[in-house]
Amino acid sequence: MGRTPLIAGNWKMNFNHLEAISHVQKLAFSLTDKDYDAVEVAVLPPFTDLRSVQTLVEGDKLRIVYGAQDLSVHDSGAYTGEVSGAMLAKLNCTYVLVGHSERRQYHGEDDQLVNAKVLAAFRHSLTPILCVGEGLEVRRAGEHIAHTLAQLDAALGKVTAEQAKSLVVAYEPVWAIGTGEVATPEDAQEVCGALRTRLAELYDGDVAEAVRILYGGSVKSGNAAGIMAQPDVDGALVGGASLDPAEFVKICRFGENSN
Ligand SMILES: O=C(CO)COP(=O)(O)O
């Protein structure tokens with residue numbers, strides 16, 4: 001196996017750049033080398049915070065990594081309001097979220113656009129955290145696997161095996177986001193396992209074994225260990241609970257509670 005678990009905090013539209021600094025400092029005070037050796041810890045702040053987070057992380061040589069919540073499909077030009085992958089790479093971002101359900105829902109991002117954003121991320125050596133997952137209707141109809149796999153297929157058009165190896169996929173059932181409704185560990189495993197099988201079909205076993213698949217949706221310190229214990233779940237994409245430093249650190253230490 002050998003996949004390092006990734007715990008990524010998606011701050012969504014929270015924290016200005018000053019609050020971001022104070023938040024990352026709190027994480028840095030709590031997290032130890034032992035934590036960083038066990039899991040990769042990432043924060044995904046709003047664009048306006050990234051430069052401040054970069055300065056802090058590099059200045060204090062923190063082992064926290066960071067990334068953005070979105071990027072443009074374009075590399076530069078007359079695209080008012082957009083932020084390019086090149087700009088994020090210049091800020092030494094490691095990750096960029098692509099296709100988060102809130103982007104799909106509120107900004108009309110479809111599978112084709114998500115695919116273009118995945119390709120844009122790879123063009124600039126950013127690791128996309130590709131978000132997929134079904135809404136409540138689809139889940140009730142029992143179509144959650146087919147729906148999520150179709151999102152994966154579409155998002156990976158023209159992505160090479162070499163690129164796919166470094167990909168991170170986040171399974172986020174929309175009905176579990178911000179609702180307090182958590183998928184059971186078995187629900188998470190069912191879809192994450194199906195995603196990995198599909199990666200083996202689209203590419204090969206090496207790619208499928210290398211890709212980290214996260215679960216996201218109401219992850220908290222109390223439910224993290226059970227979800228992460230599943231064989232095909234390699235970490236968590238944490239929304240609300242990532243805004244509380246003590247709680248986020250507890251989630252990063254999920255391995256210590258899992259017995
Ligand atoms: O959307 C999410 C992370 O990207 C999940 O959000 P919550 O953890 O607040 O449910």
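This report covers a barrel, its strand S5 and the helix H8 that lies across it, in a predicted model.

**The barrel.** Eight strands close into a barrel, in the order S1-S2-S3-S4-S5-S6-S7-S8. Their pairing is parallel. From one strand to the next, the twist averages 25°. S5 and S6 run parallel and are joined by four bridges. Ile129 stands opposite Val168 in S6.

**Pro128.** This residue sits in strand S5, residues 127-132. Its relative accessibility is 0%, so Pro128 counts as buried. Beyond its sequence neighbours up to four places away, Pro128 touches Val96, Val98, Val118, Ala121, Phe122, Leu167 and Val168. Pro128 and Thr94 are 34 residues apart in sequence, yet their C-alpha atoms are 8.7 Å apart in space.

**Helix H8.** The helix has 12 residues and reaches 17 Å from its first C-alpha to its last, close to the 16 Å expected. Its buried residues are His144, Thr148, Leu149, Gln151, Leu152 and Ala155. Seen down the axis of H8, they fall within an arc of 155°, so they line one face of the helix. These buried residues pack against S5, strand S6, and helices H5, H6, H7 and H10.

**Helices on the strands.** H8 lies across S5 and S6. Helix H13 packs on the sheet, touching S1, S2 and S8. The table gives the direction of each helix against one strand.

| Helix | Strands | Angle |
|---|---|---|
| H8 | S5 and S6 | about 150° to S5 |
| H13 | S1, S2 and S8 | about 160° with S1 |

How values were computed: Residues are numbered from 1 along each chain as its sequence is written. This is a predicted model: local features need pLDDT of at least 70, side-chain atom pairs count only at pLDDT 80 or more; totals for chains, interfaces and linings use all residues. Side-chain values use heavy atoms; hydrogens and water are left out. Helices (H or I, at least four residues) and strands (E, at least two) are DSSP runs, numbered from the N terminus. Buried means under 20% relative accessible area, exposed over 50%, partly exposed in between (1.4 Å probe, protein chains only). Contact means heavy atoms within 4.5 Å. The expected span of a helix is 1.5 Å times one less than its number of residues. The arc is that of the directions from the helix axis to the C-beta atoms. Two strands pair if DSSP finds at least two bridges between them. Axes are lines fitted to C-alpha atoms, for helices over the stretch in contact, and angles run from 0 to 180 degrees between N-to-C directions.
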